[in-house]
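Thank you all for coming. Before I say anything, please take a moment to look at the model on the screen and turn it around slowly.

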Amino acid sequence: MNYARFLTAVSAARKPSPIRALTDLLMRSPPSMISLAGGVPNPDTFPFKRATIRLNDGTDIEIGESLMKKALQYSATPGVPELVSWLKDLQKKLHNPPTLSYSPNEGQMELCVTTGSQEGLSKVFEMLVNPGDNVLMDTTAYSGTLAAVRPLGCNLIGVPTDQHGIIPQALKDILSRWQPEDATNPEKNSPKVLYTVPNGGNPTGSSLTIERKIEIYQIAQDYDLIILEDDPYYFLQFNKPWAPTFLSMDVDGRVIRADSMSKILSSGIRIGFLTGPKPLIDRVILHMQASTLHTSAFTQIMIFQLLQKWGVEGFLDHIESVINFYKMQRDTMLACADKHLSGLAEWHSPSAGMFLWMKIKGVPDTHQMIMQKALSKEVLLVPGSAFNVDSSKPSSYVRASFSLSTQEQMDLGLQRLASLIIEERK
Ligand code: PMP
């Protein structure tokens, strides 16, 4: 892959910070090293000494005095090395990316910890998207992505989807405006990036099938696209076996994958991680060197202590219990929807994630109904237009989340929505 052709001028201009490079070096040096190099504060002056964190199962994770000093100190930009290494092993076990054995220039798999996957996503867009570029994504997309990518002044091209995500033929139809060889001609401005949420899409709840992924990867090869696989609901897939990821089929080194701990360990700790070809992940790390410096070392160490205690098997056991919870929540919401919304709305049962995406019949645009009338009925949902790639288009959809509500709240909430729809259609 010619990675240089994908980089924006801003990203290509980023240079390593010599001080940050030293910090990374120091993190890997033996304890006997005497460093007079860093401008770091002395952690002995910090007020925190140690921490014991009680887990739900009654056991504890300990951050003792010396580990606490590390947790309170500046750290390496790609992430606390022990956590990076644990997460690399996890990716290997879950996805076994073909790029694991590649050389760095060929696009060897690299990983960095980010402050939530949102940080990773926004930095990847900044790395890849110039003003005027064509960027491909589902016609209905995660609003945080739209917020990150719209200000870059690019042209968002919505790719039609159904309950199984992006429709490969629709993607081909869009790309037929270009020839595969246009990829090497900057004047043709052919798309370079395809962004998608492959499991339990936010807001649509849709999940790509393996067949579609294979076809989409093939199209990406034909048109030399980078696939940005934003997969925070990977660990919330209700059915086994879990679908193979784009990362697992990435023979070229053209996939950047964003993972998140937000839905399974905690959203507030802000831990995500990017996995992808080293030449691109290194660019994101350079951006971090100039912005956050690194994700909070304290939360990284807290998470590492937990993951080390659990091991991969324990981590996956925990995920199993999270899945069971959300699966029950989904089933409860579907039962409430059947009870109150039959004939008023249409939906598909999501196979992952935490959202039910409903098309309201006879309401061409749900925006006014939600923004002006839902409050008085005491029920809140997100109008579909908030996720439209083309923000000028109306949407007859609403997004309902089943993550937090009790059965009673879902029942009452959807009953209220039903009466709202009936009034709106009068
Ligand atoms: N991508 C999608 C599709 C999401 O739904 C979210 C969270 N709402 C994110 C990314 C950001 O997650 P994080 O908390 O890891 O930044």
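I will go through one sheet, one helix and two pockets.

Please keep in mind throughout that what you see is a predicted model.

Let me begin with the sheet, where four strands lie in the order 12-13-15-14, forming an open sheet with antiparallel pairing. Strand 12 and strand 14, which covers residues 382-383, stand at the edges and have a single partner strand each, so one side of each is left without a neighbour in the sheet. If you follow strand 14 to strand 15, residues 397-401, you will find that the two pair in the antiparallel sense over two bridges, and that Pro-383 stands opposite Val-398 in strand 15.

Now to helix 12, for which we can do a small check together. Helix 12 runs over residues 407-425, and because each residue should add 1.5 Å, its 19 residues should span 27 Å, which agrees with the 27 Å between its end C-alpha atoms. Which residues of helix 12 are buried? They are Met-410, Asp-411, Gly-413, Leu-414, Leu-417, Ala-418, Leu-420 and Ile-421. It helps to remember that an α-helix has 3.6 residues a turn, so residues three or four places apart point the same way. As for their neighbours, the buried residues of helix 12 pack against helix 10 (297-341), strand 13 (355-360) and helix 11 (366-377).

Strand 13 brings us to the pockets. The largest pocket has a volume of about 730 Å³, and 32 residues line it, with Thr-161, Asp-162, Thr-204, Trp-357 and Tyr-397 being the closest to its centre. The elements that give two or more residues to this lining are strand 6 (161-162), strand 12 (345-347) and strand 13, and of these it is strand 13 that gives the most, with four residues. Sorted by class, the lining of the largest pocket holds 10 nonpolar, 17 polar and five charged residues.

The second largest pocket contains about 600 Å³ of space, and among the 26 residues that line it, Thr-23, Leu-26, Val-40, Gln-73 and Tyr-74 lie nearest its centre. Here the elements that give two or more residues are helix 2 (18-27), helix 3 (65-72) and helix 10. Which element supplies the largest share of the lining of the second largest pocket? That is helix 2, with seven residues. By class, this lining has 16 nonpolar, seven polar and three charged residues.

Key. Residues are numbered from 1 along each chain as its sequence is written. This is a predicted model: local features need pLDDT of at least 70, side-chain atom pairs count only at pLDDT 80 or more; totals for chains, interfaces and linings use all residues. Side-chain values use heavy atoms; hydrogens and water are left out. The expected span of a helix is 1.5 Å times one less than its number of residues. Buried means under 20% relative accessible area, exposed over 50%, partly exposed in between (1.4 Å probe, protein chains only). Contact means heavy atoms within 4.5 Å. On a 1 Å grid over the protein atoms alone, a cavity is a set of points where a 1.4 Å probe fits but cannot get out, and a pocket is an open set with protein on both sides within 12 Å along at least five of seven lines; lining residues have an atom within 4 Å of a point. Grid points are joined across faces, edges and corners, and a volume is the space filled by probe spheres set on the points. Ala, Val, Leu, Ile, Met, Phe, Trp, Tyr, Cys and Pro count as nonpolar, Asp, Glu, Lys and Arg as charged, and the others, Gly among them, as polar. Two strands pair if DSSP finds at least two bridges between them.
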